[in-house]
Amino acid sequence: MKRFGLDNRKNQDKSLPPVDVKVDDAPVFFIGPASRDNPMSQVRTKLLGKVHFNDPKIKWNRITLHFFGKAGLNMDVPSSVLPIPRETGSGLGDDDLCQQNSMTHLETTVTLCEVEKELIFTGEPSIDFGLHLPHHLPPSIKTDHAFVEYHLVAIFSAGSFFKKYRIERTVTICRHYLPSASALIPSVEYNGVREWFEWSAEVPKATAMEAGEVVLALRWSVEKEQVEVDRVELTLQQLETYRFNTKQGLHSLKPMVTSFPATLYHPPTFSSSSETHFIRTPLIPQIRAHHFDPFLEITHRLQLTIHFATGHSAKAIKLEFPIIITDYPASPESVGSPQSSHNLLSTPTSSTASAPSPSHSMPARRSNSNHLIIPAGGDDAIAVDLDLPEYTPQYLEYE
């Protein structure tokens, strides 16, 4: 027999767990490099969320929140690229040949952080919480050989006669190297001379994916008669460098270089040495943002090739300039939008991508809608240090 609709209410309550944890959907990120020299490292970032108690009959006596992050490496590399202790080498040629043909499996996982917090159950239907996170955390990422991931685990206890209840949520953390679109991006001027050809290039230190392209300014002067610049080729390259620690110290593998489609610039027929040429190349969704963690570093560089007109013996000049490819923090209004930002946890399916037509707008980067974190306050015009040595290597010139 049904009385006062109680059975319907019980059936509805059974569809809900006794307790649930919701992580705030607001974007969660750090700004600038993970260094104490970064002025934004003083901004405290919090992981915000709420605990919902769906069963009022259960009196929870202990609630523990545990936030932890880990980074891992899993790849096979030729044994010849690994450092070998001197005492293990025999000096025989057969040993060296065997080492070159063999593969070594590298697999390890390290803990990045552990943050715990206790909550007090007051009988209210929900409790808001906030966890302060260390400023040095690397962003979440997943590639074919490495990963960085974060999890929030909540453990609920209601006495010795009640089994502990455990809830785990995945948290995505982002790191941006530009605070907003209003930030002024400094440029670096490079110049050089090769015999009768003099050049000067002004390259931005960083470019956001939202800009859709990288633009640099190039000037040149040709002192040799009847030699003209035929075309300029600009390519963006992405370098994935994996590294690990051994008893011999830190060891880095040879970078995996991905070259994206090049763009061609043909200078006007009549151009003087004082003319500035703006060379552009698109930023396509397959490009990953700048990344740095214990096992993986993703950097970018621009490869500029200057070709001379046919009929002359002048060789092409190839230059490389470092650049930081990043993105802007997502605004709270864009959370959950499919066009908010790039999916950090996706793995590119190929090393070369096709460039879109210049007449079409650049496609927006997709976002992983996992939980993100936003720091409180902050000035849009705050200075971000982009002069750290690991982010501004010297440019290279090929003979």
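This is a short dialogue about reading a predicted model, from its confidence down to single residues.

Student: Before I look at any detail, what should I keep in mind about this model?

Tutor: It is a predicted model, so local features need pLDDT of at least 70 and side-chain atom pairs count only at pLDDT 80 or more, while totals for chains, interfaces and linings use all residues. Residues are numbered from 1 along each chain as its sequence is written, and side-chain values use heavy atoms, with hydrogens and water left out.

Student: What pLDDT does the chain average?

Tutor: pLDDT is the predictor's confidence in each residue, from 0 to 100. Here the chain averages 78, and 73% of the residues score at least 70. Over residues 1–12 the pLDDT is below 50, and that stretch has two contacts beyond near neighbours in sequence; a contact means heavy atoms within 4.5 Å. Residues 88–94 also have a pLDDT below 50, with one contact beyond near neighbours in sequence. Where pLDDT is low, the predicted coordinates should not be read in detail.

Student: How many helices and strands are there in the chain?

Tutor: Helices (H or I, at least four residues) and strands (E, at least two) are DSSP runs, numbered from the N terminus. By that count you get two helices and 23 strands. Among contacts between residues at least 6 apart in sequence, 76% join residues at least 24 apart.

Student: And what share of the chain is buried?

Tutor: Buried means under 20% relative accessible area, exposed over 50%, and partly exposed in between (1.4 Å probe, protein chains only). Buried residues make up 43% of the 399 residues. A206 is one to look at: this residue sits in strand β13 (residues 206–208) and is buried, with a relative accessible area of 1%. Its C-alpha atom is 5.9 Å from that of I325, 119 residues apart along the chain.

Student: Now the charged pairs. How many salt bridges does a search of the whole structure find?

Tutor: Side chains of opposite charge can pair when their charged atoms come close. The cut-off is a side-chain nitrogen of Lys or Arg within 4 Å of a carboxyl oxygen of Asp or Glu. The search finds 10 salt bridges. One of them joins E118 and R62, at 3.3 Å from N to O. E118 lies in strand β5 (residues 103–119) and R62 in strand β4 (residues 62–78), so the pair ties together parts that are 56 residues apart in sequence. E118 counts as partly exposed, at 41% relative accessibility.

Student: Which residue does K70 pair with?

Tutor: K70 forms a salt bridge with E149, their closest N and O atoms being 3.6 Å apart. E149 is in strand β8 (residues 146–157) and K70 in strand β4, so this pair ties together parts 79 residues apart in sequence. At 28% relative accessibility, E149 counts as partly exposed; K70, also at 28%, counts as partly exposed.

Student: Are E297 and R243 buried or exposed?

Tutor: Both E297 and R243 are buried. They form a salt bridge with the closest N and O atoms 3.8 Å apart. E297 is in strand β21 (residues 296–308) and R243 in strand β15 (residues 229–246), 54 residues apart. Separately, D20, K22 and R169 are linked in a network of salt bridges.

Student: How do I read a sheet, say the one with the order β11-β12-β14-β19?

Tutor: Two strands pair if DSSP finds at least two bridges between them. This one is an open sheet of four strands with antiparallel pairing. Its edge strands are β11 and β19 (277–282), each pairing on one side only. Strand β14 (residues 213–222) is joined to β19 by six bridges, and E213 stands opposite P282 in β19.

Student: What is the phi of E195?

Tutor: Most residues other than glycine have a negative phi. E195 is not a glycine, yet its phi is positive, about 50°. The residue is found in the loop between β11 (187–194) and β12 (197–204), and it counts as exposed at 68% relative accessibility.

Student: One last residue: which residues is V110 in contact with, leaving aside its neighbours within four places in sequence?

Tutor: Those are G69, K70, A71 and F295. V110 lies in strand β5 and is partly exposed, with a relative accessible area of 30%. From V110 to G72 it is 6.4 Å, C-alpha to C-alpha, with their positions 38 residues apart in sequence.
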